[in-house]
Amino acid sequence: MAALRGVAGVQVVAVVDVDIGRAHSFTAAHGIPQAYQDVDEMLGSGLDAVTVCTPHSAHEAGVLAAARHRTHVLCEKPVALTVAQAQRMIAATAAAGVRFGVLFQRRFWPAAIRIRRAIEDGRLGTPICGGVVARFNRDADYYAEPWRGRAATEGGGVLMTQAIHHVDLLQWFMGPVRRVTGRCATLVHKGLIEVEDTAAAVVEFASGGIATIQAGTTFRPGLGAQVWVSDAQGRTASVMEFPEGVGFTDISTVPGQEVSQTGRVRAGAPDLPLAEIHDQLVPYHAQQIEDFVGAIRHDREPEVTGLDAVKSLEIIEAIYASSGTGAAVEFTHAVPPRERVRRRL
Ligand SMILES: NC(=O)c1ccc[n+]([C@@H]2O[C@H](COP(=O)([O-])OP(=O)(O)OC[C@H]3O[C@@H](n4cnc5c(N)ncnc54)[C@H](O)[C@@H]3O)[C@@H](O)[C@H]2O)c1
């Protein structure tokens, strides 16, 4: 709500929740006129846009309902539980002629934009290597919410819910993927969750670049996350998230952007409570909503479309598949996904 309120011209007029009690408390707490239990009833009331903030397993139904009612839709990450679901969501929103955005607000961090712009304008060459290190702290209280930690409703663990933001940044910097090899395990939260609390992967890119991903929810306290890339000249740039929710440039040897701030990260600093982690991200969440509203108003694509969002999900789905079989997963996109969908329509 704080992010939605920060955007000029946005009025939140209705909320739907399968638990009508929750919908009523939410509307009462935030002065929202209408609460609904039925999504079609709410969308039938005539809205310009809707944001889907349900557990992951309900994202597809929410986005398909928005498409049915020709309502622009901004969906929370991960776009869906599977790539197949995400492709259906992309096709349905394209066929309905509505904008479909997916929330990846860390892409709006200045530190992340700086890396992407340096790659675009050539100050940082095509990355030949890179990585994600994501060390988070999640405990039994967090997993007490019944949908969390369950394969059917969360679809995965640290990769699907936390590190997907960082996998998204990595692929935003390094480009299309060629091959993924991964290993996942539940090493600490066994008995509490069905999904992985620990993951490691090697990602090979179409450019020839290679990156590693290491992620866990087993760190006490959490140590945040880092996404870094380096080019053939050895120029290196990295966005650090520490504490969780706060992103900054910790290393950059890109000409004109030199920074080294690794001393800012101190082991032993306490984790921010979850609500404060979200508070830190509100300005960037608001920027993404503002971008989505601009996309509707000016009839353009939002910064992060469904097609953009499916890329991190494809990598994560491949890590799960590789972990299950022990084999690498080859990516065989003859044409980029954007083109495939355009041709199908
Ligand atoms: N972008 C971010 O940084 C960020 C941060 C937090 C959560 N999220 C995402 O937001 C989503 C929700 O997470 P949360 O922590 O707020 O969950 P939550 O459990 O706190 O809230 C989910 C709400 O959805 C309701 N719900 C469940 N199924 C529904 C359905 N079919 N239709 C309508 N309502 C339904 C529940 O009753 C509940 O009130 C997740 O996908 C999560 O990944 C993103």
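In the predicted model, Val98 is located in the loop that connects helix H5 to strand S5, the latter spanning residues 100-102. The relative accessibility of Val98 is 11%, and the residue is therefore classed as buried, the cut-off being under 20%. Leaving aside residues up to four places away in sequence, Val98 is in contact with Arg70, Thr71, His72 and Thr93. One of these partners, His72, is 26 residues from Val98 along the chain, yet the C-alpha atoms of the two are separated by 4.9 Å.

Helix H5, which precedes this loop, covers residues 83-96 and packs against helix H12, formed by residues 306-325. The two axes are 9 Å apart and enclose an angle of about 170 degrees. Because angles over 145 degrees count as roughly antiparallel, H5 is assigned as roughly antiparallel to H12. On the H5 side, the contact is made by Val83, Ala86 and Ile90. The H12 side contributes Gly306, Leu307, Val310, Leu313, Glu314 and Glu317. Sorted by class, the residues in the contact of H5 with H12 comprise six nonpolar, one polar and two charged.

The UniProt record, an unreviewed entry, places the feature "domain: Gfo/Idh/MocA-like oxidoreductase N-terminal" at residues 8-102. In the model this span is 43% helix and 18% strand. The C-alpha atoms at the ends of residues 8-102 lie 20 Å apart.

A further feature in the unreviewed UniProt entry, "domain: GFO/IDH/MocA-like oxidoreductase", is placed at residues 114-227. Over residues 114-227, helix accounts for 27% of the chain and strand for 31%. The end C-alpha atoms of this stretch are 13 Å apart.

Aromatic contacts were also examined. A pair of aromatic rings is described by the distance of the centres and the angle of the planes. Counting rings whose centres lie within 6.5 Å, the model holds two aromatic pairs. One of the pairs is formed by Tyr142 and Tyr143, with ring centres 5.0 Å apart and ring planes at 85 degrees. Planes over 60 degrees apart count as edge-to-face, so the arrangement of Tyr142 and Tyr143 is edge-to-face. Tyr142 has a relative accessibility of 10% and so counts as buried. Tyr143, with a relative accessible area of 6%, is likewise buried.

Conventions
Residues are numbered from 1 along each chain as its sequence is written. This is a predicted model: local features need pLDDT of at least 70, side-chain atom pairs count only at pLDDT 80 or more; totals for chains, interfaces and linings use all residues. Side-chain values use heavy atoms; hydrogens and water are left out. Axes are lines fitted to C-alpha atoms, for helices over the stretch in contact, and angles run from 0 to 180 degrees between N-to-C directions. Helices (H or I, at least four residues) and strands (E, at least two) are DSSP runs, numbered from the N terminus. Angles under 35 degrees count as roughly parallel, over 145 as roughly antiparallel, 65 to 115 as roughly perpendicular and the rest as oblique. Contact means heavy atoms within 4.5 Å. Ala, Val, Leu, Ile, Met, Phe, Trp, Tyr, Cys and Pro count as nonpolar, Asp, Glu, Lys and Arg as charged, and the others, Gly among them, as polar. UniProt positions are given in the numbering used here, feature names are shortened, and annotations may be inferred rather than shown by experiment. Buried means under 20% relative accessible area, exposed over 50%, partly exposed in between (1.4 Å probe, protein chains only). Rings of Phe, Tyr and Trp (its six-membered ring) pair if their centres lie within 6.5 Å; planes under 30 degrees apart count as stacked, over 60 as edge-to-face and the rest as tilted.
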